[in-house]
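Let us walk through the aromatic side chains of this model, taking the ring pairs before the charged groups that sit over ring faces.

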Amino acid sequence: MLTKEDMIVVKQVRIAKDTYELILEGELTLQMNEPGQFIHLQIGNGREHVLRRPISMADVNGNQLTIVYRIMGAGTKWLAEREAGDAINVLAPLGNGFPTHAISNTNILLVGGGVGVPPLYYLGKKLKAQGNRLTTVLGFQTKDAVFYEQRFRELGDCIVTTNDGSYGQTGFVTDVISGLTEINRYYACGPTPMLKAVSQQISVPGYISLEERMGCGVGACFACVCSTIDGNDKKGYRKICQDGPVFPANEVVL
Ligand code: FES
């Protein structure tokens with residue numbers, strides 16, 4: 001059930017260039033058990049920044065929720081200035097996340113690009129606990145932007161790429177994926193060109209999160225509409241914020 005709550009900041013840490021990890025505490029967290037769903041944060045008192053900011057869940061532990069975000073403007077700058085004990089109004093849970101039900105003993109590939117990486121961590125934890133074998137490929141622009149590598153290593157194999165070659169393997173996530181075999185299923189989140197390249201490259205069933213293309217997050221701005229195609233080749237349109245952000249890879253036109 002969609003609920004609003006003043007959640008309390010437990011901790012805030014800078015984990016990469018312009019990138020912060022924020023841990024919030026509150027009862028609302030008990031409703032958040034679907035990786036890939038997102039929360040809606042109120043910035044300040046909601047008067048200066050009227051629109052809330054949609055940010056995906058990176059992890060859930062008991063009544064604590066972790067999010068990771070990059071500073072993009074005044075709203076996220078305000079967020080980065082919050083300290084332990086501050087309250088932030090949160091509306092959640094929103095959207096439809098990654099399906100994980102009854103998936104076990106499977107070779108799974110997780111592919112994340114930039115700020116698309118965080119929701120894959122909570123997803124990876126869940127899939128690992130269900131007895132799956134994980135390989136993660138994370139793509140970043142440069143070394144300064146890399147985060148969560150160690151956390152994904154604790155879940156299985158993890159390969160990092162940087163576009164400029166300053167860390168890990170040089171190039172794009174697709175350069176690494178081409179060498180991976182025995183993958184039965186994949187999940188991806190990141191910029192649209194990355195998702196397009198990944199879904200064209202991998203033939204096994206997959207799910208992609210289009211969270212990067214969200215605006216208001218509540219169905220009001222239509223900035224997030226995407227073209228879809230169903231199993232009968234019927235074309236349609238869906239709102240990423242309400243119908244997604246996660247879709248079967250073969251049902252969206254990127
Ligand atoms: Fe505004 Fe979906 S993000 S309608």
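Does Y20 count as buried or exposed? In this predicted model, Y20 has a relative accessibility of 18% and therefore counts as buried, since the cut-off for that class is under 20% relative accessible area.

With that setting in mind, we can turn to the ring pairs. The structure holds seven aromatic pairs, and one of them is formed by Y20 and Y69, which are stacked with 6.0 Å from centre to centre and 20° between the planes. Because Y20 belongs to strand β2 (residues 19-25) while Y69 belongs to strand β5 (residues 64-70), this pair ties together parts of the chain that are 49 residues apart in sequence. Y69, for its part, is buried, with a relative accessible area of 3%.

Further along the sequence, Y187 and Y207 form a stacked aromatic pair, for which the centre-to-centre value is 6.0 Å and the planes are 20° apart. Here Y187 lies in strand β11 (residues 185-189) and Y207 in strand β12 (residues 206-209), so the pair joins parts that are 20 residues apart in sequence. Both Y187 and Y207 are buried.

Ring pairs also build a cluster, in which Y121, F140, F147, Y148 and F152 are linked.

Finally, there are charged side chains placed over aromatic faces. R82 lies over the face of W78, at 4.0 Å from the ring centre, and K239 lies over the face of F222, where the value to the ring centre is 4.1 Å.

Definitions and conventions: Residues are numbered from 1 along each chain as its sequence is written. This is a predicted model: local features need pLDDT of at least 70, side-chain atom pairs count only at pLDDT 80 or more; totals for chains, interfaces and linings use all residues. Side-chain values use heavy atoms; hydrogens and water are left out. Rings of Phe, Tyr and Trp (its six-membered ring) pair if their centres lie within 6.5 Å; planes under 30 degrees apart count as stacked, over 60 as edge-to-face and the rest as tilted. Helices (H or I, at least four residues) and strands (E, at least two) are DSSP runs, numbered from the N terminus. Buried means under 20% relative accessible area, exposed over 50%, partly exposed in between (1.4 Å probe, protein chains only). A charge sits over a ring if NZ of Lys or CZ of Arg is within 6 Å of the ring centre and within 35 degrees of the ring normal.
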